[in-house]
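Here is a friendly walk through one protein model, from its overall make-up down to single side chains. Keep the sequence and the 3D view open as you read.

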Amino acid sequence: MQHIKIEHKHVTDPKEIACIFNNYFTFKNIKGNKDETESRQKNTTFKNYYFNLNGVQHVPSLVFKTFLTKEISTIIKSIKSKNSRGYDKISTKILKISSNYIVSPVTYICNKIISSGIFPDRLKFSIVKPVYKKGDKRNCTNYRPISLLTSFSKVFEKAIYGRLTEHLVNNKLLAENQYGFRKGLTTENAIFKLINEIYNSLNNKMRIGSVFCDLQKAFDTVNHEILLNKLQYYGIKGKAKTLLESYLQNRYQRVEIFSQYSNSKTLSDWTKITQGHHRDLF
């Protein structure tokens with residue numbers, strides 16, 4: 001992009017463009033109307049829904065099992081080998097090459113994370129690169145963010161994800177029709193089920209209706225506070241819940257464009273920043 005148009009003004013300075021994108025990509029700019037959200041929560045809260053679920057209150061608590069060196073080694077090998085890198089300049093390609101030499105200390109750190117319930121702050125920094133989607137290239141709304149995290153954070157995330165998934169699957173907490181982000185279940189499975197039900201309905205001379213919803217920036221607009229409060233109903237409490245809280249809090253990003261960087265900004269609107277301002281953490 002050569003320039004960005006914002007409020008009828010054409011911006012050409014790379015650093016200023018990077019700052020504009022960073023403001024756009026941060027959570028507080030896309031969280032929606034706060035007053036409307038609070039009003040809706042007062043009338044119908046997620047707790048009303050969970051209190052009416054049978055058996056959810058009896059889900060056993062998740063206790064993170066200690067990670068073995070072999071397990072962490074398998075996780076490192078499973079990560080795609082890329083030259084892209086986060087702020088620490090360590091690519092996944094380098095990580096995999098040096099796996100045999102670092103797997104023991106990485107395993108120790110991973111076990112320290114789950115035992116303490118604290119996700120390291122230095123693994124919460126990301127560099128974001130805007131990628132053009134469609135439409136006017138001068139409009140930042142037509143770009144999606146590609147976030148470059150540190151290679152080590154990917155290892156810890158995959159390790160914790162494995163434990164969480166195991167807990168959800170073993171306790172049958174996921175809906176049968178949940179196809180996305182599950183092993184062995186793809187969009188093809190969802191399409192097959194939909195088509196099969198349509199054909200069955202037609203054969204039985206039944207009426208067919210469907211509703212399709214496409215939520216823009218769905219993951220970015222998830223309310224972290226509600227999400228974390230829900231976890232206890234799935235048996236994710238104590239150190240496990242504290243760890244996920246730590247993972248979501250105090251996350252920072254900066255945008256890179258033409259080798260120019262924006263200032264660092266926090267992604268979450270409920271994270272408290274020291275003295276009420278953003279610090280340059282890089």
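## Terms and ground rules

Buried means under 20% relative accessible area, exposed means over 50%, and partly exposed covers what lies in between, with a 1.4 Å probe and protein chains only. By that scale aspartate 136, at 35% relative accessibility, is partly exposed.

This is a predicted model, in which local features need pLDDT of at least 70 and side-chain atom pairs count only at pLDDT 80 or more, while totals for chains, interfaces and linings use all residues. Residues are numbered from 1 along each chain as its sequence is written, and side-chain values use heavy atoms, with hydrogens and water left out.

## The whole protein

The protein has 10 helices and seven strands; these are DSSP runs numbered from the N terminus, with helices being H or I runs of at least four residues and strands E runs of at least two. Of its 282 residues, 33% count as buried. The accessible surface comes to about 18,500 Å², and carbon and sulfur atoms hold 53% of that; the areas are from the Shrake-Rupley method with a 1.4 Å probe, and for residues only the protein chains shown count as cover.

A contact here means heavy atoms within 4.5 Å. Among contacts between residues at least 6 apart in sequence, 65% join residues at least 24 apart.

## Salt bridges

How many salt bridges does a search of the whole structure find? The search gives six, a salt bridge being a side-chain nitrogen of Lys or Arg within 4 Å of a carboxyl oxygen of Asp or Glu. One of them joins the side chains of glutamate 166 and lysine 65, at 3.5 Å from N to O. This pair links distant parts of the chain, with glutamate 166 in helix 7 and lysine 65 in the loop between helix 3 (46-51) and helix 4, 101 residues apart. Glutamate 166 is partly exposed at 32%, and lysine 65 is partly exposed at 46%.

Aspartate 121 and lysine 124 form another salt bridge, their closest N and O atoms being 3.2 Å apart. Aspartate 121 is partly exposed at 45%, whereas lysine 124 is buried at 2%. Arginine 138 also meets aspartate 136 in a salt bridge, at 3.2 Å from N to O, and arginine 138 is partly exposed at 32%.

## Serine 262 and its surroundings

Serine 262 sits in the loop between strand 6 (260-261) and strand 7 (265-266). Is this serine buried or exposed? Serine 262 counts as buried because its relative accessibility is 4%. Its side chain makes a polar contact of 3.3 Å with the side chain of asparagine 22; such a contact is a pair of N or O atoms within 3.5 Å where, within protein, one must be able to donate a hydrogen and the other to accept it, and residues adjacent in sequence count only if both atoms are side-chain atoms. A polar atom of the serine 262 side chain also lies 2.9 Å from the backbone nitrogen of valine 255.

Leaving aside residues up to four places away in sequence, serine 262 touches Lys15, Ala18, Cys19, Asn22, Arg254 and Val255. Of these neighbours, cysteine 19 is partly exposed at 22%.

## Helices 4 and 10

Serine 73 belongs to helix 4 (residues 69-78) and is buried, with a relative accessible area of 13%. Beyond residues up to four places away in sequence, serine 73 touches Ser99 and Val103. The C-alpha atoms of serine 73 and threonine 107 are 8.6 Å apart, with their positions 34 residues apart along the chain.

Helix 10 (residues 239-248) has Ala240, Lys241, Leu243, Leu244, Ser246 and Leu248 as its buried residues. They pack against helix 6 (99-116), helix 7 (151-170) and helix 9 (224-230).

## Positive phi values

Most residues other than glycine have a negative phi. Asparagine 250, which follows helix 10, has a positive phi near 55°. Lysine 172, in the loop between helix 7 and helix 8, has a positive phi near 50° and is exposed at 74%. Serine 259, in the loop between strand 5 (252-257) and strand 6, has a positive phi near 65° and is exposed at 57%.
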